[in-house]
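Here is a quick tour of a protein chain, written for someone who would rather look at the model than at a table. Keep the structure open while you read.

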Amino acid sequence: MTILRAEAFYLPPPYLAADAWDQEPLAMRAIRWYEERAGRRIATNPASAAGTVYAQINHGRWVANCSCMSAQVVTPADPRMWCPECGTGWWQIVFPANVTAVEQSLAGLPVAEQNWWAEDDPVRPALEV
């Protein structure tokens, strides 16, 4: 099983063509997906920068957390996210230098154990022994 990325998660609803969002940047597909489910438009501002967050793997999914405590499935192919909950701005997402190696290090583990945090991530849980 591979680690889930945004491009495999944020897909158009069944009443649209499977390729309906192919021209959207990957980070915008999360917005389109959210708009479909919430039934409302979300305004984004290309110039609005929110800061930097670290990607992590949580239960087999690449995710990033907003400062409002919302989270999104993300992808190294478009390392940014806009939070549809608070609209803080575009977060730049820090991925590891070797994404494939991190994903391979978790291969074969049960999904609940497929977890990874960057060493430099300030919210990385401390594992006390």
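## Starting at His59

Let's begin with one residue. His59 counts as partly exposed because its relative accessibility is 39%, which falls between the 20% that bounds buried and the 50% that bounds exposed. Bear in mind that this is a predicted model.

Where is His59? You'll find His59 in the loop between strand S2 (56-58) and S3. Its backbone deserves a look too: phi of His59 is near 50°, a positive value in a residue other than glycine. For background, most residues other than glycine have a negative phi.

## The overall layout

Stepping back, the chain has 3 helices and 7 strands. Reading from the N terminus, the elements go α-α-β-β-β-β-β-β-α-β. The radius of gyration is 15 Å, close to the 14 Å that the globule rule gives for 129 residues, so the chain is as compact as a globular protein of that length.

If you drew a box around the C-alpha atoms along the principal axes, it would come to roughly 45 × 30 × 25 Å. Of the 129 residues in the chain, 38% are buried. Take the contacts in the chain with a separation of 6 or more: 53% of them join residues 24 or more positions apart.

## Two nonpolar cores

Which residues have the most contacts inside the largest nonpolar core? They are Ile57, Trp62, Val74, Met81, Ile93, Phe95 and Trp116, in a core of 18 residues. Strand S3 (61-65), strand S6 (90-94) and helix H3 (99-105) are the elements that each give two or more residues to this core. There is also a second, separate core of 7 residues, with Tyr34, Ile42, Trp82 and Trp90 among them.

Val74 is a good residue to click on. Leaving aside residues up to four places away in sequence, Val74 touches Arg5, Ala6, Trp62, Val63, Ala64, Met81, Ile93 and Phe95. Trp62, Met81, Ile93 and Phe95 come up again here, having been listed with Val74 for their contacts inside the largest core.

Now for helix H3, where Gln104 lies. Is Gln104 buried or exposed? Gln104 is exposed, because its relative accessible area is 56% and the exposed class starts over 50%. Its C-alpha atom is separated by 13 Å from that of Trp62, and the two residues are 42 apart along the chain.

## A cavity inside

Next, the empty space. Rolling a probe the size of a water molecule over the atoms shows where such space is left. The structure holds 1 cavity of 30 Å³ or more, and the volume of the largest cavity is about 50 Å³.

Around this cavity you'll see Ala6, Leu26, Ala27, Ala30, Gln72, Val73, Val74, Thr75, Asp78, Arg80 and Met81. Helix H2 (26-38), strand S4 (71-73) and strand S5 (80-82) each give two or more residues to the lining, and H2 gives the most, with 3 residues. By class, the lining splits into 7 nonpolar, 2 polar and 2 charged residues. Val74 and Met81 are in this lining as well as in the largest core.

## The largest pocket

What lines the largest pocket? The list is Thr52, Val53, Tyr54, Gln56, Asn65, Cys66, Ser67, Met69, Asp121, Pro122 and Val123. These residues enclose about 230 Å³ of space. Strand S1 (residues 49-54) gives the most to the lining, with 3 residues, and by class there are 6 nonpolar, 4 polar and 1 charged.

Met69, one of the lining residues, is found in the loop between S3 and S4. Met69 counts as exposed because its relative accessible area is 72%. Like His59, Met69 is a residue other than glycine with a positive phi, in this case near 80°.

## Around Cys86

Finally, look at the loop between S5 and S6, where Cys86 is found. Cys86 is partly exposed, with a relative accessible area of 38%. Not counting residues up to four places away in sequence, Cys86 touches Cys66 and Cys68.

Ser67 is 19 residues from Cys86 in sequence, and their C-alpha atoms are 9.0 Å apart in space. Both Cys66 and Ser67 are also among the residues that line the largest pocket.

Technical notes: Residues are numbered from 1 along each chain as its sequence is written. This is a predicted model: local features need pLDDT of at least 70, side-chain atom pairs count only at pLDDT 80 or more; totals for chains, interfaces and linings use all residues. Side-chain values use heavy atoms; hydrogens and water are left out. A nonpolar core is a set of buried Ala, Val, Leu, Ile, Met, Phe, Trp, Tyr and Cys residues joined through side-chain atoms within 4.5 Å. Buried means under 20% relative accessible area, exposed over 50%, partly exposed in between (1.4 Å probe, protein chains only). Helices (H or I, at least four residues) and strands (E, at least two) are DSSP runs, numbered from the N terminus. Contact means heavy atoms within 4.5 Å. On a 1 Å grid over the protein atoms alone, a cavity is a set of points where a 1.4 Å probe fits but cannot get out, and a pocket is an open set with protein on both sides within 12 Å along at least five of seven lines; lining residues have an atom within 4 Å of a point. Grid points are joined across faces, edges and corners, and a volume is the space filled by probe spheres set on the points. Ala, Val, Leu, Ile, Met, Phe, Trp, Tyr, Cys and Pro count as nonpolar, Asp, Glu, Lys and Arg as charged, and the others, Gly among them, as polar. The radius of gyration is taken over C-alpha atoms; the globule rule is 2.2 Å times the number of residues to the power 0.38.
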